[in-house]
Amino acid sequence: MSGHRPLLHRLRAWLDDHDPGGIDQFRAFDLALAYVVIIILGYATSRIFGLHLDVIFPMVGAMTASVLITFTPAASIAIEAKSFARVFGVTLSFLLLVAIIGPGNHETNGLILKLMLVPLSFVAMYLRRYGMEGQRLGIALIIIATVAAILRPTHEQGTWLLLASVEGFIVTALIRLSPFRPSAMQAYNDAVVDAVRGVGDYLRLLADAIRAGHEVPKPAETVLHRLRVRVRVALLAATAEAPDARAWVEAVRTNVYRLRVATQLLRDCIPPVHAEDPTRRSWAVPVASMAEEVARHLDRIGHGPEARDLKLDTALSRLRRAATAADIDAKVQLTLLRAVTAFERLALLVGGLEKFRLDRPVEASVAAFASPPAPKAASQAATSAAPATPLSATPAIRVAIQALIATSFTTGLDIVIGLDHAYWATMTVMFVLGNSLGETYVRVRYRTWGTVLGVLVGVAAVHMLSDAVWFLAVICLIGQVVGLLTMRDRYDIASAATGLSVVVGLHLVTGLSAEGMISRIYETAIGAVVALVVSYLVLPIYGSDEVLTQVKTVVARCRSAFAGWWPRGEKRESVSALAWEMRPVMERLPQIDAESSLGHRTAGDVVNLVSTLDILTTYLALLEDAAQRLSALSPPEEIVNALEAARSRTLQGFDLALGDAAPEAEIRGAPQVEAALSAALGDTTDETSRRLLPFVADYLAFSDAILQPLADLRTVLNPAPASPAKAKDKAADGAQEAA
């Protein structure tokens with residue numbers, strides 16, 4: 001049914017998920033408002049002082065606003081003000097240089113400005129070594145240089161354009177840095193509450209299905225999507241706005257992450273529902289009631305300070321009695337015992353979320369939150385994982401050299417064969433040249449098709465509205481706004497919107513014809529092809545090689561975290577933090593897959609490797625939960641010994657995956673685990689010890705399941721050497737294939 005919803009409803013839903021709280025939508029509104037004010041003020045300034053720059057003067061002011069807001073992500077007012085100052089400093093410095101050169105005074109001066117794009121491209125790419133802030137400054141520098149190459153102002157005009165930029169900066173700062181803006185922290189709070197309620201809705205569906213004797217539904221994709229995407233996006237905005245509140249934000253996210261894992265696996269903990277099963281009524285009603293009670297508590301989060309009441313404990317006790325009834329089939333009983341632990345896990349998460357008091361103002365919750373001290377081992381691991389400065393500069397230098405060569409080629413096309421507007425190809429090079437070959441390939445694809453679509457729409461708009469200048473200006477503004485909203489998650493749409501706004505804007509400023517607009521397509525294609533070829537042939541950077549190192553670092557931290565959990569552990573690092581660190585790596589999978597299609601064979605292995613690591617962190621989250629609850633229940637020494645044997649076996653699996661054990665070694669310890677477990681089960685006669693058995697079963701099941709992803713990781717990270725017999729057979733096979 002969702003496919004038949006009106007387009008506006010689907011757009012609204014997409015924005016709700018990818019921009020919770022309307023943070024970027026408010027930025028887009030600020031950009032649109034700044035455009036309107038700057039255009040009116042700039043036009044008035046040109047008229048009052050007789051500058052004869054009625055179009056160019058407001059355009060430069062609007063360009064300044066666009067660069068400032070587009071390259072300054074939403075954050076606190078203080079953080080955005082610092083970013084504004086840096087970007088405007090770069091803008092003003094280069095416009096001053098343009099005024100001194102005065103490309104409009106002589107052809108040689110214009111040639112100097114064109115040739116400057118080549119070293120500027122090197123500088124812009126090298127700035128990437130300073131992270132996203134440096135990358136944004138570099139792109140802003142290229143945009144300003146390109147606009148200057150298009151306008152070719154004289155010395156006098158360049159001086160007035162400095163004033164236009166200052167005017168645009170003042171207007172933009174007054175509008176964007178006003179205190180009247182949505183709170184990203186509150187948006188994060190609301191996104192968590194909304195996602196939690198989605199889980200409650202799923203639990204009610206599950207309860208209804210069990211009562212009616214229907215198949216238990218899987219968690220809806222929308223539920224898991226909101227738990228994953230919406231909360232993640234809201235978290236990024238919240239931590240950018242309030243870095244000091246990161247501990248509270250991360251603590252809330254930890255509970256949400258574990259809630260997502262528990263929800264995904266809940267369906268497998270429910271016995272098969274058959275209406276004709278005579279024992280179904282004995283357990284179906286308690287399971288459904290428990291699901292409804294958890295849903296009721298989840299719905300209450302964000303509404304009031306009520307704590308967990310007795311109804312939840314009563315429902316859990318009824319479910320436990322039903323699971324241990326004597327007349328139930330053994331397989332059903334085992335599944336019901338897993339259901340008991342699954343619902344106890346959900347109840348534990350309900351209590352954890354209720355403690356954060358998401359019903360009150362975020363400031364009060366953050367102030368009341370006691371930030372736990374950072375684990376010493378974790379901080380050391382993070383420090384050791386960070387590459388040294390000289391090594392981290394190497395990729396930036398390689399990309400900068402690629403940019404230097406690519407822009408030299410596109411600029412040479414202008415000088416040698418007289419390619420009109422070669423700066424468009426040069427700017428395309430700067431936009432699509434990524435930090436790896438795969439990233440460049442993905443950007444080339446999206447940028448090219450996006451530009452084709454945007455230019456065609458722009459040509460149609462200019463043809464139909466050639467006399468309606470203000471309508472064209474509105475279309476240009478809409479293109480800027482759409483590009484801003486979709487830049488992070490839909491680069492293809494952002495490219496189309498940007499291409500539309502640029503060609504329409506150039507038509508308004510320079511009278512660009514439809515033929516000139518169409519030329520933007522092949523100029524973009526030239527720049528894209530040049531960037532891709534140079535990225536492939538000149539000092540290629542493969543993201544898959546970098547990811548291999550990142551994965552190994554995360555696996556090492558997973559081992560360190562697991563070693564610190566009960567039993568015998570002292571550290572308290574949570575696996576949810578490690579799962580969060582995998583997010584940037586997961587987002588690079590399409591780029592790595594692109595490298596595989598370009599002939600880099602290890603890329604396919606890396607895609608499987610990252611997916612396996614995601615499975616590993618999921619099982620670790622369950623193992624962590626079981627360990628925490630067993631620790632709280634203080635099991636007898638016999639059970640601790642059994643779990644200690646399983647723990648040792650898991651640590652051995654980590655060592656093999658990381659290459660810290662002998663290459664020919666195999667995972668051992670299954671007989672020891674079985675022997676310790678048999679001894680523990682023989683001594684558990686009291687009711688308290690028997691209550692521990694479902695948790696013990698969970699711990700052992702998860703510690704056994706985790707061995708498979710560890711073995712899969714080992715085959716890529718540290719493959720076992722082939723035995724002499726296998727090596728001989730492989731050589732014989734190779735000789736046979738050659739023959």
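1. Helices here are DSSP runs of H or I of at least four residues, numbered from the N terminus. In this predicted model, R253 and E250 are 3 residues apart in helix 10 (residues 246-266), and are therefore separated by about one helical turn. Their side chains meet in a salt bridge, at 2.3 Å from N to O, and both R253 and E250 are buried.

2. A similar spacing is found in helix 11 (residues 280-300), where R296 and E293 are 3 residues apart, which means about one helical turn between them. Their side chains form a salt bridge with an N to O distance of 2.8 Å. Here R296 is partly exposed, with a relative accessible area of 28%, whereas E293, with 16%, is buried.

3. A search of the whole structure gives 19 salt bridges, and one of them joins R86 to E133, with the closest N and O atoms 3.2 Å apart. Because R86 belongs to helix 4 (residues 77-101) and E133 to helix 6 (residues 131-151), this pair ties together parts that lie 47 residues apart in sequence. R86 is partly exposed at 39% relative accessibility, and E133 is likewise partly exposed, at 22%. Separately, D30, E80, R176 and R181 are linked in a network of salt bridges.

4. On the surface, F29, L33, V36, V37, I40 and L41 make a nonpolar patch of about 500 Å². Of these residues, L41 is found in helix 2 (residues 23-48) and counts as partly exposed, at 36% relative accessibility.

5. Helix 27 (residues 637-658) packs against helix 30 (residues 707-717) at an angle of about 15°, with the axes 8 Å apart, so that the two helices are roughly parallel. Their crossing is left-handed.

Methods:
Residues are numbered from 1 along each chain as its sequence is written. This is a predicted model: local features need pLDDT of at least 70, side-chain atom pairs count only at pLDDT 80 or more; totals for chains, interfaces and linings use all residues. Side-chain values use heavy atoms; hydrogens and water are left out. Patches are made of residues with over 30% relative accessible area and no salt bridge: like charges are joined within 9 Å, nonpolar side chains (Val, Leu, Ile, Met, Phe, Trp, Tyr) within 5 Å. Accessible areas come from the Shrake-Rupley method with a 1.4 Å probe; for residues, only the protein chains shown count as cover. A salt bridge is a side-chain nitrogen of Lys or Arg within 4 Å of a carboxyl oxygen of Asp or Glu. Buried means under 20% relative accessible area, exposed over 50%, partly exposed in between (1.4 Å probe, protein chains only). Axes are lines fitted to C-alpha atoms, for helices over the stretch in contact, and angles run from 0 to 180 degrees between N-to-C directions. Angles under 35 degrees count as roughly parallel, over 145 as roughly antiparallel, 65 to 115 as roughly perpendicular and the rest as oblique. A crossing is left-handed if the near helix is turned anticlockwise from the far one by less than a right angle, and right-handed if clockwise.
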